[in-house]
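Here's a quick briefing to read alongside the sequence and the 3D view. Take a look at the fold first, then at how the chains meet.

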Amino acid sequence: MSYLGTVLLVAGKDLRTEIRSREQVVSLFVFALLILVVFNFAFDFTIVDFGSLGPGVLWVAFIFSGVLALNHSFRIEREQDRIEGILVAPIDRSAFYLGKVAATMMFMSAVEAVLVPLAAILFNQPLTTRLGALLLVLLLNTLGFAAVGTLFAAVTTQTRRSEVLLPLLLFPAAVPIALAAVRTTSHVLAGRPFQVYANWVWLSGGYDLVFLAAAVLLFDFALQE
Amino acid sequence: MRPMWSRVLQITTLLAVPASLYMVFVVAPIEEKMGVIQKIFYFHVPSAFMAFLGVGLCAVMSVLYLVTRQRRWDLVAHAAAELGVVFCTIVLITGPIWARPVWGVWWTGEVRLTSTLVLWLIYVGYLLLRQNAENREQAARWAAITGIVGALDMPIIYKSVEWWRGLHPVVLKMSGGGGLDPVMGRAFAACVVTFTLLFLCLLVERVRLGRLEDEVESLEQQAARRPLTAATDAGGGSSR
Amino acid sequence: MTFAASATPGATPLLTARRLQKRFGASPALDDVDLDLAPGERVLLLGPNGAGKSTLLRTAAGLIRPSAGSLLLFGEDPWRGDRIAIRRRLGLLSHQTFLYDHLTAAENLVFYGRLYGLGTTTAGARRSLDEVGLADRADDPVRTFSRGMQQRAAIARALLHAPDLLLLDEPFSGLDAAGRDTLRRLLRDRFAGARAFLMATHDLESALPLASRVIVLDAGRVTIDRPSAGLDAARLEALIGRHAGAAGAGVAP
């Protein structure tokens with residue numbers, strides 16, 4: 001099986017399993033929605049400008065449900081040592097890593113696709129017309145988060161306190177992507193031209209490249225014994 | 001038992017510390033605008049350098065470990081990370097101590113301090129992860145991954161936090177001021193040297209401690225496997 | 001260190017271990033293991049719990065990296081050579097099934113078949129499931145299977161790519177009578193020629209008739225390594241008991 005084929009095979013397997021079991025979908029959406037609702041109570045958005053706090057709230061919701069997705073993604077493989085079936089297979093383990101990143105991205109993107117319009121409704125905001133830019137920003141930053149998150153999740157899900165350790169390691173490491181995500185989302189929603197946030201986009205892109213490359217090299221070490 | 005160079009390092013450090021303290025508190029003049037509290041700068045900035053040194057050393061050692069799988073690289077990586085956390089803590093404590101009397105606030109949200117806090121969190125995570133591994137080898141492997149990711153992340157974190165605060169001019173700068181008085185400069189250089197010596201000294205001790213811990217673990221497990229002399233009875237007494 | 005009597009002279013051993021060591025922490029799980037496995041051998045790996053059987057199998061499978069010594073698979077070092085080519089010829093059947101609960105049996109086999117580069121189709125998956133008596137359940141999710149059926153599906157998965165060397169870790173545990181017969185039949189049929197298997201098991205009754213050689217591990221060391229000819233379960237138990245203290249008692253069984 002070719003490298004790309006393996007990546008797609010692994011991602012497809014995760015997608016199919018999720019469609020069948022629907023274990024994750026509900027909890028991811030509900031959790032993210034819950035965060036939005038809590039913030040709706042916590043801040044009075046008639047006084048506070050949504051533009052300044054809104055993107056932060058959105059990305060808090062995405063990041064926390066992203067952690068759930070990452071934990072779940074590897075929990076399936078940990079159960080009954082299924083991951084050993086993958087590890088003895090004649091594939092490049094980094095292809096497995098990329099497949100997992102792709103799957104996590106799919107789930108997070110699904111949550112984002114629902115939550116952004118939902119937030120617009122909940123907080124009475126006009127939906128942006130710069131859909132293309134918004135899409136780019138969401139994808140680029142979700143990819144960075146998924147790239148580092150998948151590497152750490154592969155390690156932390158082997159411990160007993162994975163629920164604590166994954167956020168502990170991931171959140172500080174993902175600070176650049178979180179900052180980039182919030183800033184760029186804020187600019188896009190405000191309808192500002194690309195030049196205003198261009199350097200943040202380059203930062204996200206650079207982050208993605210660096211950590212995808214690093215993870216591809218390091219992933220094997222995360223799963224050996 | 002202790003090699004010569006280690007003794008020399010210890011003695012040099014032992015001499016350097018009081019010498020630097022003398023330079024800082026007696027020789028260096030008191031800065032006009034901020035007063036005595038400015039002298040924290042002589043401890044704050046070198047500590048930051050040492051934190052970066054710890055992080056960088058940890059990353060290099062981590063790579064070496066993953067490539068060679070030799071325990072000694074992991075021992076140094078672990079020690080370097082621990083020292084990095086210690087010096088990071090010093091930075092995070094001296095920063096607010098300086099800021100309070102000068103600007104009336106504990107936490108300035110200043111760029112470098114915020115980034116240092118994030119760095120601190122990453123390496124505290126590194127240490128916690130090691131504790132949660134099942135055995136030494138797993139701890140070493142996982143820590144190596146984290147150490148490399150942390151070091152790669154560091155410049156990106158600093159850049160992103162800088163941009164985040166970026167639009168407004170950075171009013172609250174922590175450095176010792178624009179031009180440095182040459183006497184202050186010498187005192188500062190002395191401090192940097194002393195802190196480096198201190199770092200190396202502590203590193204050597206920590207690695208030595210790590211080796212001893214390994215030996216103890218080894219001996220403990222050997223002892224556990226050896227049967228008590230009274231209980232050994234080879235004449236068909238054991239059954240499985 | 002004894003070599004199996006049934007080895008074909010001159011053939012590249014499928015597995016060669018020299019002074020193999022694995023330590024988790026300070027004490028060794030595998031301690032100076034020397035082993036040669038030639039094509040056509042059918043080897044049982046026996047010993048008390050904690051003896052290192054699983055560790056040896058999983059090291060052979062490439063899941064565990066040796067602390068010291070060497071392990072060659074098909075003449076190559078799996079940690080330096082072409083791991084992918086090596087893994088294509090290797091199979092692992094554990095007491096865990098490696099199957100995805102929410103996918104059907106057929107989907108599981110298609111997934112693994114394609115993972116192994118076989119281009120397995122659903123029809124091919126059904127054929128493999130037929131061989132283990134699960135043809136009528138091919139389109140049911142694995143989580144609806146009984147333990148014995150799941151294990152049979154796992155057998156189909158492990159044999160899908162016709163491995164030259166099959167590693168089995170307690171394959172008979174949890175297997176019903178039909179499953180035991182199926183596994184015995186498949187092992188007898190598929191591993192008569194140049195292929196080999198290495199099986200860790202406690203079920204001597206099922207496994208001994210299939211074997212050509214018996215290896216006993218105790219506290220990470222090989223204590224017995226001999227052809228299985230002339231051995232029955234009782235004699236074997238006695239042999240193991242006699243050697244039990246030799247490698248160093250004190251390890252909890």
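In what order do the elements of chain A run from the N terminus on? They go α-α-α-α-α-α-α-α-α. Keep in mind that this is a predicted model.

**Fold of chain A**
- The secondary structure of chain A adds up to nine helices and zero strands.
- Contacts in chain A reach well along the sequence: of those with a separation of 6 or more, 85% are between residues 24 or more positions apart.

**Size and packing of chain A**
- The radius of gyration of chain A is 18 Å, which agrees with a compact globule, because 225 residues packed that way would give a value near 17 Å.
- Measure along the principal axes and you'd expect about 55 × 35 × 30 Å for the C-alpha trace of chain A.
- Burial comes out at 51% of the 225 residues of chain A.

**Where chain B meets chain A**
- On the chain B side, 23 residues are in contact with 24 residues of chain A.
- Two helices of chain B, α4 (111–131) and α5 (136–164), are the elements that each give two or more residues to the side touching chain A.
- The largest share of that side comes from α5(B), with 15 residues.
- What's the make-up of the side of chain B that touches chain A, by nonpolar, polar and charged residues? It divides into 16 nonpolar, four polar and three charged.

Terms used:
Residues numbered from 1 in each chain as written. Chains lettered and ligands numbered in written order. Predicted model: local features only at pLDDT ≥ 70, side-chain atom pairs only at ≥ 80, totals over all residues. Helix = DSSP H or I, 4+ residues; strand = E, 2+ residues; numbered from the N terminus. Rg over C-alpha atoms; globule rule 2.2 N^0.38 Å. Buried ≥ 20, exposed ≤ 12 C-beta atoms within 10 Å, placed from the backbone. Contact = placed C-beta atoms within 7 Å. Nonpolar A, V, L, I, M, F, W, Y, C, P; charged D, E, K, R; others polar.
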